[in-house]
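Take a look at the model below. This report covers its core, its ligand shell and one pair of helices.

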Amino acid sequence: TEDYRSAVAFVTGAASGIGAAVTTMLLERGAAVIASDLSEKGLAFHVDRYGDRVFPVRVDVSDEGSIEAGLAAGVDRFGRLDRAFNIAGVSKGAMIVDLPVEQWDFNVNVVLRGVFLSVKHEARIMRENGGGAIVNMSSLNAHVPMHTGAAYASAKAGVEMFTKNAALELADDGIRLNAILPGLIDTPLTQRRLTNGPLMEHWLTRIPLHRPGLPEEVAQAALFLAGSEASYITGTSLVVDGGWEIT
Ligand code: NAD
């Protein structure tokens, strides 16, 4: 808790699901948060609850100019950047033989290019501040394939490897990077699957903890990895999946 009291954090995907949970947890622990999302309207509830400790900004992570401008505005407001949580993501699936190239590009551009562009510009700022910590949201699908998930899962596997490369390159700048691989988490992204009875019944038999995870349970892992308790952890991945991967 002490860790975050005077920290300045940047979050992508802060309007919904896991990103909203991370933003709330940071604010509860006293941090100032540059809360970004494609939908700026979706960020208003953070401002309503935490006032001027939140700087809401519209950012499209797949667009370099957008991420650069959003970060600059936030750092201008709070003076520096200590932690970053790259959580924005999309998942649009189809079987490979039916997958339009536009849909492939959409998944890869938001998920993989988005994390590359975010880290590139976060690290440039953190380097000047003497260091920092970054957490990237990958997925259990980086390790486990899923029907109709080829574009998403391939991009998430890319996020995991990109995180290792960035951790290697940025260690001398005092910047640690780690990835989180969530299994099935109860968020707006997964509502269609969570309300599909037969599918859920099948999936719950494969999850040793027999339930989907909560966004807060992923946020706990993210704040741990970006905090001082993880001071010797960099370039690794933490699976948060109720045991799915071991079945
Ligand atoms: P969500 O849909 O609830 O939230 C995602 C947020 O990202 C939304 O607010 C959306 O507006 C934002 N976003 C989408 N495209 C963007 C862009 N181009 N620029 C900026 N923001 C953009 O989803 P969630 O379940 O909270 O997922 C968060 C992250 O966790 C994603 O990267 C997702 O792939 C990953 N993940 C989720 C699960 C799960 O089961 N929910 C599992 C594994 C990984």
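The largest nonpolar core has 73 residues, and Ala9, Val33, Ile180 and Ala222 touch the most other members. Helix α5 (residues 150-170) gives this core its largest share, nine residues. Keep in mind that this is a predicted model. In soluble globular proteins, nonpolar side chains tend to be buried together.

What does Ala222 touch, leaving out residues up to four places away in sequence? With those left out, Ala222 touches Val22, Phe85, Val135 and Ile180.

Next comes the ligand. Around the ligand are 31 residues, of which Gly13, Gly17, Gly89, Thr187 and Leu189 come nearest. Two elements, α1 (17-28) and α4 (101-129), give two or more residues to this shell. The largest share comes from α1, with three residues.

Now the helix pair. The axes of helix α3 (residues 64-78) and α4 come within 9 Å. They cross at roughly 35°. The crossing of α3 past α4 is right-handed. On the α3 side, the contact is made by Glu64, Ile67, Glu68, Leu71 and Val75. On the α4 side, Leu117, Ser118, His121, Glu122 and Ile125 take part.

What kinds of residues make up the ligand shell and the helix contact? The table gives the counts.

| Group | Nonpolar | Polar | Charged |
|---|---|---|---|
| Shell around the ligand | 15 residues | 14 residues | two residues |
| Contact of α3 with α4 | five residues | two residues | three residues |

Helix α4 thus appears twice: α4 gives residues to the ligand shell, and α4 also makes contact with α3.

Technical notes:
Residues are numbered from 1 along each chain as its sequence is written. This is a predicted model: local features need pLDDT of at least 70, side-chain atom pairs count only at pLDDT 80 or more; totals for chains, interfaces and linings use all residues. A nonpolar core is a set of buried Ala, Val, Leu, Ile, Met, Phe, Trp, Tyr and Cys residues joined through C-beta atoms within 7 Å. A residue is buried if 20 or more other C-beta atoms lie within 10 Å of its own, exposed if 12 or fewer, and partly exposed in between; C-beta atoms are placed from the backbone. Helices (H or I, at least four residues) and strands (E, at least two) are DSSP runs, numbered from the N terminus. Two residues are in contact if their C-beta atoms, placed from the backbone, lie within 7 Å. A residue is near a molecule or strand if its C-beta atom, placed from the backbone, lies within 6 Å of it. Ala, Val, Leu, Ile, Met, Phe, Trp, Tyr, Cys and Pro count as nonpolar, Asp, Glu, Lys and Arg as charged, and the others, Gly among them, as polar. Axes are lines fitted to C-alpha atoms, for helices over the stretch in contact, and angles run from 0 to 180 degrees between N-to-C directions. A crossing is left-handed if the near helix is turned anticlockwise from the far one by less than a right angle, and right-handed if clockwise.
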